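Good morning. I will go through one protein model, and I will keep to what can be read from its coordinates and its database record.

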Amino acid sequence: MTAQRIDGKALAAQVRSEVAVRAAALTAAGRQPALAVILVGADPASQVYVRNKVAACEQAGLRSILETYGADLREAELLARIHTMNQDDAIHGILVQLPLPPHIDAQRVIEAISPRKDVDGFHVASAGALMVGQPGFRPCTPLGCMRMLEHIGMGKLRGKHAVVVGRSNIVGKPMALMLLAADATVTIAHSGTPDLAATCRHADVLVAAVGRPRMITGSMIKPGAVVIDVGINRLPDGSLCGDVDFESAQDVAGWITPVPGGVGPMTIAMLLANTVQACEQG
């Protein structure tokens with residue numbers, strides 16, 4: 001058996017097309033969706049991510065405001081700039097690219113963003129809304145993963161066991177909550193989980209989000225399972241790979257996301273969707 005690939009690029013293009021239609025309607029009504037992106041420092045990976053986000057905005061008809069600062073920017077200055085953006089009605093989403101320089105408290109910066117403009121879904125108010133099932137912005141990566149599951153006919157997961165490997169605030173924890181909301185029985189596995197392989201083999205839906213290259217092998221996957229690989233790791237030779245060993249996993253799984261071309265494009269697409277939603281909500 002060879003797994004069917006979930007084409008994140010194709011699905012992301014569909015989402016971005018939907019976003020463009022909504023953005024055009026808002027713009028015609030005199031309210032163009034706008035995303036402000038703040039980059040502090042010169043981290044090469046962050047520069048690439050920011051460039052991709054800005055380009056995606058422009059392609060979908062959103063206005064992007066990119067502000068770049070040196071790594072010596074004081075935390076107070078960054079917080080003051082966010083406060084000004086919070087008050088600007090022409091800006092609907094605010095994103096501060098992580099990681100930040102070590103002298104800046106990332107959580108304090110995230111909490112400074114108005115929940116109305118928290119299109120990354122990282123604010124404690126957004127996390128709380130997800131926890132109790134209230135409306136709010138969902139983190140873009142797990143939101144994109146859920147859209148992928150819906151795309152293959154697995155939007156409802158009653159009777160299914162989902163295992164999330166990883167417990168970060170950005171992916172692991174919100175991913176587990178979204179799967180729970182879809183009626184899955186959910187297990188969160190991590191570095192302290194005994195016999196991780198056995199835990200993974202129980203999963204009908206397996207989400208890998210640990211940041212360790214090819215950690216999940218085919219022998220850890222239940223035959224026919226859906227495997228969502230959130231990881232993106234650069235190897236010494238410069239190539240990219242996920243947290244899943246794709247070659248061995250594709251011979252066991254029923255569905256699998258490739259890296260690159262899987263979850264990554266969906267993350268940016270859902271960021272655009274969240275920004276348009278913020279504009280629609282006023």
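**A walk through the model**

Proline 260 sits in the loop between β11 (255-256) and α10. I start there because it is an easy spot to find on the screen. Please keep in mind that this is a predicted model. The bond that leads into this proline is a cis peptide bond, joining valine 259 and proline 260, with omega about -5°.

There is another cis bond to look at. From leucine 98 to proline 99 the peptide bond is cis as well, and its omega is near 5°. Proline 99 is in the loop between β4 and α4.

One more backbone detail, then I move on. Aspartate 183 has a phi near 75°, a positive value in a residue other than glycine. Its place is the loop between α7 and β6.

Now the division of the chain. The domain assignment gives domain 1 as 30-114 and domain 2 as 140-264. Taken over C-alpha atoms, the centres of domain 1 and domain 2 are separated by 29 Å.

The UniProt record has its own ranges. In an unreviewed entry, UniProt lists residues 6-120 as "domain: Tetrahydrofolate dehydrogenase/cyclohydrolase catalytic". Over residues 6-120 the chain is 50% helix and 16% strand, and the C-alpha atoms at the ends are 23 Å apart. The unreviewed entry in UniProt also lists residues 139-281, as "domain: Tetrahydrofolate dehydrogenase/cyclohydrolase NAD(P)-binding". The span 139-281 is 35% helix and 17% strand, with its end C-alpha atoms 18 Å apart.

Next, the sheet. In which order do the six strands of the open sheet run? The order is β1-β11-β8-β7-β5-β6, and the pairing is parallel. At the edges are β1 (4-5) and β6, each of which pairs on one side only. As a reminder, strands of a sheet pair through backbone hydrogen bonds, either parallel or antiparallel.

Let me take β5 as the example. Strand β5, residues 161-165, pairs with strand β6, residues 185-189, in the parallel sense over five bridges. Between β5 and β6 the chain crosses through helix α7, residues 172-181, and this β-α-β crossover is right-handed. β5 also pairs with strand β7, residues 205-208, in the parallel sense, over four bridges. Valine 165 shows both pairings: its bridge partner in β6 is alanine 189, and in β7 it stands opposite alanine 208.

Now the open space. The largest pocket has a volume of about 1,200 Å³. It is lined by 41 residues, and the closest to its centre are Tyr49, Thr141, Ile232, Gly264 and Thr267. The elements that give two or more residues to this lining are α1 (8-28), α2 (44-59), β4, α6 (140-151), β9 (233-234) and α10 (263-281). Which element gives the most to the lining of the largest pocket? That is α10, with six residues. By class, the lining of the largest pocket has 23 nonpolar, eleven polar and seven charged residues.

Where does the largest pocket lie with respect to domain 1 and domain 2? Both domain 1 (30-114) and domain 2 (140-264) give residues to its lining, so the largest pocket lies between them.

Last, the enclosed space. How many cavities of 30 Å³ or more does a search of the whole structure find? The search finds one. The volume of this largest cavity is about 60 Å³. Its lining is made up of Ile94, Leu95, Val96, Leu98, Val109, Ile110, Ile113, Asp118, Asp120 and Phe122. Two or more residues of that lining come from each of β4 (93-96) and α4 (106-112). The largest share, three residues, is from β4. In terms of class, the lining of the largest cavity has eight nonpolar, no polar and two charged residues.

A few points link up here. β4 gives residues to the lining of the largest cavity and also to that of the largest pocket. Leu98, which is in the cavity lining, is the residue that comes before the cis bond to proline 99. And α10, which follows the loop of proline 260, gives the most to the lining of the largest pocket. That is the end of my tour.

Notes
Residues numbered from 1 in each chain as written. Predicted model: local features only at pLDDT ≥ 70, side-chain atom pairs only at ≥ 80, totals over all residues. Heavy atoms only, no water. 1 Å grid on protein atoms, 1.4 Å probe; cavity = no way out; pocket = protein on both sides within 12 Å on 5 of 7 lines; lining within 4 Å. Points joined across faces, edges and corners; volume = space filled by probe spheres on them. Nonpolar A, V, L, I, M, F, W, Y, C, P; charged D, E, K, R; others polar. Pairing = 2+ DSSP bridges. Right-handed = clockwise from strand over helix to strand, strands pointing away. UniProt positions renumbered as here; feature names shortened; annotations may be inferred. Domains from an automatic or database assignment.
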